[in-house]
Every structure is written in C-alpha cells, then in structure tokens.
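Please find below some points for a colleague who is meeting this structure for the first time. They are meant to be read with the sequence and the coordinates at hand.

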Amino acid sequence: MTKLKELFSDTLIYGISSVLARFIGYLLVPLHTGVFSEDQYGIISLIFAAIALFNVLFTLGMESAYIRYGKDRAKAKSLFKTLQLFLLGSSALFIVVVWLAQPVVSPMIGLETGNPILWMMLGILFFDTLAIVPFAELRLVRKSISFAFIKTGNVLINLGLNFYLILWLDYGIEAVFISNLAASLLTTIATWIVTIPMFMGEWNRELLTRALIFGLPFVPAGLGHVINELIDRFFLKSMDPQTVEALYGPDYTADDIVGIYSACYKLAVFMLLLVQMFRMAWQPFFMRQSEETSAPETFSQTFSLFNFAAAAIFLSVALFADQIVAVKVPILDFYLVDEKFWGGLGIVPILLLAYWFQGWYVNFSAGIFISETTKRLPQITLIGAAITIVANLVMIPFFGMMGSAMATLLSYAVMAMLIYYYSTNAFEVPYKLVSGFGVMLLTAGFYYLKPTILKIGFSDLSASVLLLVVGLLTISLLISRSILRSRTS
C-alpha cells in the first residue's frame, strides 16, 4: 500500500495542477462559444486538431525515450542536452516543410494561403516541442510542484490574453492563437530555467541512437492516437449538404456541425483529465517499480482503483450534463457552453466511455514499456486508426455526430484489448479484466436507468443524485471485494 500511496501522491499533485489548469482553461469554452459562431468555433477546432497531428511529428517520441533512459542519472545530462539540440534542429526543418506545403495545408484547416495564423500555429508547435524534454525531466525526478506551477502559469497566461484580446481589443479568432503562442513561448523559457543544470551534458550520438530506436515507434503510434482523437472533425467537415440537412435541418452547415461536436466534446474532458493526470504519474511510477517482486499485484490493484475513479467521473458528468452546460459564468453572463451548441450533448456518455478505455490502454502499457517492446504500439494504434477511419466513413452518413462518437468508442475499446494482450504476454500482471468490464457495464447501466427513474416521478436533478449515490456505493463494494479476493488468493 505504501507504493500505491506514492502513486496516489504524485497523481494528486499532477492532478491538482491539471484540474486547476483545465478548470481555468475551460473558462475559454463559454467565451469562445458565446462570442464566435458555430462555424468559427469549428475552424478553431480544426486548427488545434492540426497542431495535435503535427506535434507527434515534431516531438518524434522523445518524451517517452527520455523517461525510459533518463532514469540513468549518470548519463541524464548528456541525454537531455542531446535530445534538446536534436529537437531544435528537427523542429526547424519541419517548420520549413509545413510552410512550403501551405497551399495544401491551409485549406484543410479552413484558412486561406498566407494567413498569419499558420505562422502562429508553427510557432506554438516549435516552442511546445522544446518544452517536452524539460517537462519529462521534472516528472522523472518528481519535481511535481515545479511541473504544476509552470503548467498552471501557461493556462493563466493563455486565458488572460484570450479575454483581453477578444473582449477588450475585439480581435477575431486570431486572438486564440496569439494567446497560445505567447503562453507556449513563456512556458518553454520557464522549463529551460528550472532545468539549466541539465544543459551541462555533452552531445552523445550513441544516446541519440538509442532514444530514436525507442522513441520513433511512438510516431506512428502517436499519429494513430491523433487520428482516433481528432480525425472525426475532418470527416464531419466533409459531410455533404444533403446529409447535413437530412440529419440536422436546413439551418446548419458542415462547419456548424464541427463546432457543435467540438464544443460538446469538451464535456468528456473530465474523463480525459483523469487519464492524463494518471498517465503523468503512472509512467515514472511503474518504471521505478518494475523490478520489484510485488509489481504485478501493485499494477493489478492500480487498475481496479482506476476503474472506481473512472466510474465516478462517468456518472458525475453523464448524469448532470444538462446542468453543467447551463451553469452561468459570473461577470461574463455566458453559459458554460452556449445554448446554440447543446444539440450535441448526446455524444457525451459515448465519449466518456471511449476515454475510459483510453485509461485502460494507459494502465496496460506498463508491460510494453518495461519489456521495451514498443514496436507493438504502432501496430495497435494504426489498427485503431483504421477502425476510426472506416467507422466514421460508414456511420457519419447515417448518424452524424453520434456516428463519430461511436467510432471513437469502438477504436479505443479495440486498442485497449490489443495492448492488454501484448502487454500481459510480455510482463504478466493479474489484471481483473472481467471485474473491470463489470464495473463499466454497471456504471453505464445506472446512467441509462435515468429515463425509467424519471417516469416514476422523480425530477431530473433528484434522479441524477439518486443514481450517482447508489451507483458509486454499489461499484465501490464490487471493487473492494475484488481487491480483497486478490490479496487472499
């Protein structure tokens, strides 16, 4: 239990900073959805999707490589400096390539050729890339307070500039990217300052070669993840007008649907937040524990506890989605998500389940890292990407936004099962997989009981509270019994 407390402590610190950062950043949703039209919000979403896609190419898997090899502190400084210099040169090269390809890239993200927003996008990519190794160093040596401080500062700068440029200077969507660029620049400077001693190492080609061999498989894997996460926006944008009219009426365009989908997608961020904050603490933790004889049991218990946290997030968000979006932001007098976007709320439970499976993927990834069989990652994620693409093509014409959400769920579920298979073969862990599925199905069942409870005569709010309390009590008992049985067996 001491080891689990260590993991919980790190997760809590990373989580507080991430929760705070996400909460502050979420204030941009009412601002953007209240000020910009559906199609403008759709363009913003497409550009950030492109940033996420290019980010995989810019970073080349070096974050994971540093976490893997940076634990050898005798060579950490040389590895740090080598990777930083390498990323500096490779990022500059990628910027030139993307800029030359702008006649192709710009129309895909809703921009005209020569639009200065493309330069801002490239600047964000450049500075974010130069911060990944310093952030990985902070995680590896458990300087979680510094990590949290810088991450929160990034969001505060971004948020403040957004409000200033949009509300006071009346800028358009370019304000969003100016703010992000400034925040990325200052964040990179801050990470370099707190990791200055690490720049004292020497260039080492052998270490670079090892890092590339380990890290490059994360590129196709990362591309697969981005496709799973964001390619649906591009498919929705390509919907023909007849399909949009048939599904949503004559008042909507494909760009409107992208904006509505992206705004409602934001509610699933609560589950994504759980996964991200867990991943930040989990990767360094399981590498430290990998040689302990108790590691398999520790990893299994971690999986069970993660499922309880995921169940709590699912029920809290899915049951109260209508109340959450209708919260008024003080001073601004904006809804948390503007009314014109509420038509997409049906996708929220589906996306919460999808991110739950992504959390399983992160849990099961321990065996892949420990055994250094990262070659499996591109196979798994590219299979997931293929499922995402095919499922979007098949389901969007019939179900629109809901089809995209179901495609995401299907993809993440398959990926979680594939990495479970390969990971447990490489490093055996007695995960309670059947119990995990039971918790997930039981949690979804409590949510889908809500219409029945409403028919009995409960109000919407009282029905949600009842299902949340009863659901969490039932699930906690199920997980507690599962953990106790594993200890006595």
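The numbered points below take up the aromatic pairs, the charges over rings, the nonpolar cores and one serine.

1. The reader should keep in mind from the start that this is a predicted model, in which side-chain atom pairs count only at pLDDT 80 or more.

2. The aromatic pairs come to a count of 30. One of them joins W192 and F199, whose ring centres are 4.9 Å apart and whose planes meet at 45°, a geometry that is classed as tilted. The two partners differ in their surroundings, since W192 is partly exposed with a relative accessible area of 31%, whereas F199 counts as buried at 18% relative accessibility.

3. Another pair is formed by F364 and Y431, and because their planes stand at 65°, with the ring centres 4.8 Å apart, the pair is edge-to-face. This pair links distant parts of the chain, as F364 belongs to helix α17 (residues 348-364) while Y431 lies in the loop between α20 (401-426) and α21 (433-448), 67 residues apart. F364 is buried, with a relative accessible area of 0%, and Y431 is buried too, with a value of 7%.

4. F364 and Y431 also belong to one aromatic cluster, whose other members are F303, F357, W360, Y420 and F437. Of these, W360 appears again in the largest nonpolar core, where W360, Y66, F299 and W356 touch the most other members among the 151 residues.

5. Which residues does Y66 touch, not counting those up to four places away in sequence? The contacts of Y66 include the charged residues K71, R73 and E137, together with A76, L79, F80, L83, V133, A136, L140 and M198. There is also a second, separate core of 6 residues, among them A131, F147, I150 and M280. As general background, nonpolar side chains in soluble globular proteins tend to be buried together.

6. Two charged side chains are placed over aromatic rings. The charged end of K151 sits over the ring of F135, at 4.4 Å from its centre, and the charged end of R233 sits over the ring of Y265, at 4.2 Å from its centre.

7. The last point concerns S146, which is found in helix α8 (residues 144-168). Is S146 buried, partly exposed or exposed? S146 counts as partly exposed because its relative accessibility is 29%, and the partly exposed class lies between under 20% for buried and over 50% for exposed. S146 and Y265 are 119 residues apart in sequence and 30 Å apart in space, taken from C-alpha to C-alpha.

Notes: Residues are numbered from 1 along each chain as its sequence is written. This is a predicted model: local features need pLDDT of at least 70, side-chain atom pairs count only at pLDDT 80 or more; totals for chains, interfaces and linings use all residues. Side-chain values use heavy atoms; hydrogens and water are left out. Helices (H or I, at least four residues) and strands (E, at least two) are DSSP runs, numbered from the N terminus. Buried means under 20% relative accessible area, exposed over 50%, partly exposed in between (1.4 Å probe, protein chains only). Rings of Phe, Tyr and Trp (its six-membered ring) pair if their centres lie within 6.5 Å; planes under 30 degrees apart count as stacked, over 60 as edge-to-face and the rest as tilted. A charge sits over a ring if NZ of Lys or CZ of Arg is within 6 Å of the ring centre and within 35 degrees of the ring normal. A nonpolar core is a set of buried Ala, Val, Leu, Ile, Met, Phe, Trp, Tyr and Cys residues joined through side-chain atoms within 4.5 Å. Contact means heavy atoms within 4.5 Å.
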